[in-house]
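Work through the exercises below with the sequence and the 3D structure open. Try each task before reading its solution.

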Amino acid sequence: MTVPWQPGSEGDITYKEREDLTLRPRSCLQSTEQGDHDQLKELYSAGNLTVLATDPLLHQDPVQLDFHFRLTPQTSAHWHGLLCDHRLFLDIPYRALDQGNRESLTATLEYVEEKTNVDSVFVNFQNNRNDRGALLRAFSYMGFELVRPDHPALPPWENVIFMVYPLERDLGHLSSEPP
């Protein structure tokens, strides 16, 4: 989904703006509801990618992460997620297969692999989406694998399809920067 890019506001985004961007992942929501009204703070920015977070990533509770990828000076692609137990859950945005969203996902995955200790990236979408078949093919092509609905790492949601991208880690070469 593309949303207007607002120069000068990269460090903070209001609750209303957050809700307008996408539905938030539902994993671990019980622990994060008190942070709903907190503003997101810029965690990282390089090139076209800006990463915003609700809490410091060293905190034990799940952390909301927003990935904004600048497509033009006025628009950006947006991936909304939660970091929980070395797993990142991302909502698949509307029009995820558009070129800009594919580029933004690649930048997001590169950030996650290089700058965090995430072991697996899960994407999810409602199984009644019209583009379900195209999403399954595209994400499979990118290296994502379909996950059984009863897999223990998944929240108990109905009518949701999850795919996972397992990150291959060389334990001796994790980034020394905090996630």
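Helices (H or I, at least four residues) and strands (E, at least two) are DSSP runs, numbered from the N terminus. The model is predicted: local features need pLDDT of at least 70, side-chain atom pairs count only at pLDDT 80 or more, and totals for chains, interfaces and linings use all residues. Residues are numbered from 1 along each chain as its sequence is written, and side-chain values use heavy atoms, with hydrogens and water left out.

**Exercise 1. A residue in a helix**

Task: Find the helix in which A107 lies, state whether A107 is buried or exposed, and list which residues A107 touches.

Solution.
Step 1. A107 is part of helix α3, which covers residues 99–115.
Step 2. Apply the cut-offs: buried means under 20% relative accessible area, exposed over 50%, and partly exposed in between (1.4 Å probe, protein chains only). The relative accessibility of A107 is 14%, so A107 counts as buried.
Step 3. A contact means heavy atoms within 4.5 Å. Leaving aside residues up to four places away in sequence, A107 touches L49 and F69.
Step 4. Check one of these partners along the chain. A107 and L49 are 58 residues apart in sequence, and their C-alpha atoms are separated by 6.9 Å.

**Exercise 2. The whole chain**

Task: State how many helices and strands the protein has, and what percentage of its residues count as buried.

Solution.
Step 1. Count the elements: there are four helices and 10 strands.
Step 2. Put them in sequence order, which gives β-β-α-α-β-β-β-β-β-α-β-α-β-β.
Step 3. The protein has 179 residues, and 44% of them count as buried.
Step 4. Take the contacts between residues at least 6 apart in sequence; 57% of these join residues at least 24 apart.

**Exercise 3. Strand β5 and its partners**

Task: Work out which sense the pairing of β4 and β5 has, and which residue in β6 is the bridge partner of D66.

Solution.
Step 1. Two strands pair if DSSP finds at least two bridges between them.
Step 2. Strand β4 (residues 49–53) is joined to β5 by five bridges, and the two run antiparallel. One of the matched positions is A53, whose bridge partner in β5 is L65.
Step 3. β5 also pairs with strand β6 (residues 75–84), again in the antiparallel sense, over eight bridges. Here D66 has H80 in β6 as its bridge partner.
Step 4. Look at the connection: four residues lie between β5 and β6, and the two strands form a hairpin.
Step 5. β5 spans residues 63–70, and seven of its eight residues are buried, so this strand is largely enclosed by the rest of the structure.

**Exercise 4. Salt bridges**

Task: State how many salt bridges there are, and give the N to O distance for R95 and D98.

Solution.
Step 1. Side chains of opposite charge can pair when their charged atoms come close. The rule asks for a side-chain nitrogen of Lys or Arg within 4 Å of a carboxyl oxygen of Asp or Glu.
Step 2. By this rule there are four salt bridges.
Step 3. R95 and D98 form one of them, at 2.6 Å from N to O. R95 is partly exposed at 47%, and D98 is partly exposed at 30%.
Step 4. In another, R148 and D150 have their closest N and O atoms 2.8 Å apart. R148 is partly exposed at 49%, whereas D150 is exposed at 58%.
Step 5. D85 and R87 also form a salt bridge, at 3.9 Å from N to O. D85 is exposed at 56%, while R87 is partly exposed at 22%.

**Exercise 5. Aromatic pairs**

Task: State how many aromatic pairs the structure holds, and classify the pair of F89 and F122.

Solution.
Step 1. Rings of Phe, Tyr and Trp (its six-membered ring) pair if their centres lie within 6.5 Å; planes under 30 degrees apart count as stacked, over 60 as edge-to-face and the rest as tilted.
Step 2. The structure holds six aromatic pairs.
Step 3. The ring centres of F89 and F122 are 5.0 Å apart and the planes are at 15°, so the pair is stacked.
Step 4. This pair links distant parts of the chain: F89 is in strand β7 (residues 87–91) and F122 is in strand β8 (residues 120–126), 33 residues apart.
Step 5. F89 is buried at 0% relative accessible area, and F122 is buried at 4%.
Step 6. F89 also pairs with F162; the centres are 6.3 Å apart and the planes at 85°, so this pair is edge-to-face. F162 is in strand β10 (residues 160–166), 73 residues from F89, and both F89 and F162 are buried.
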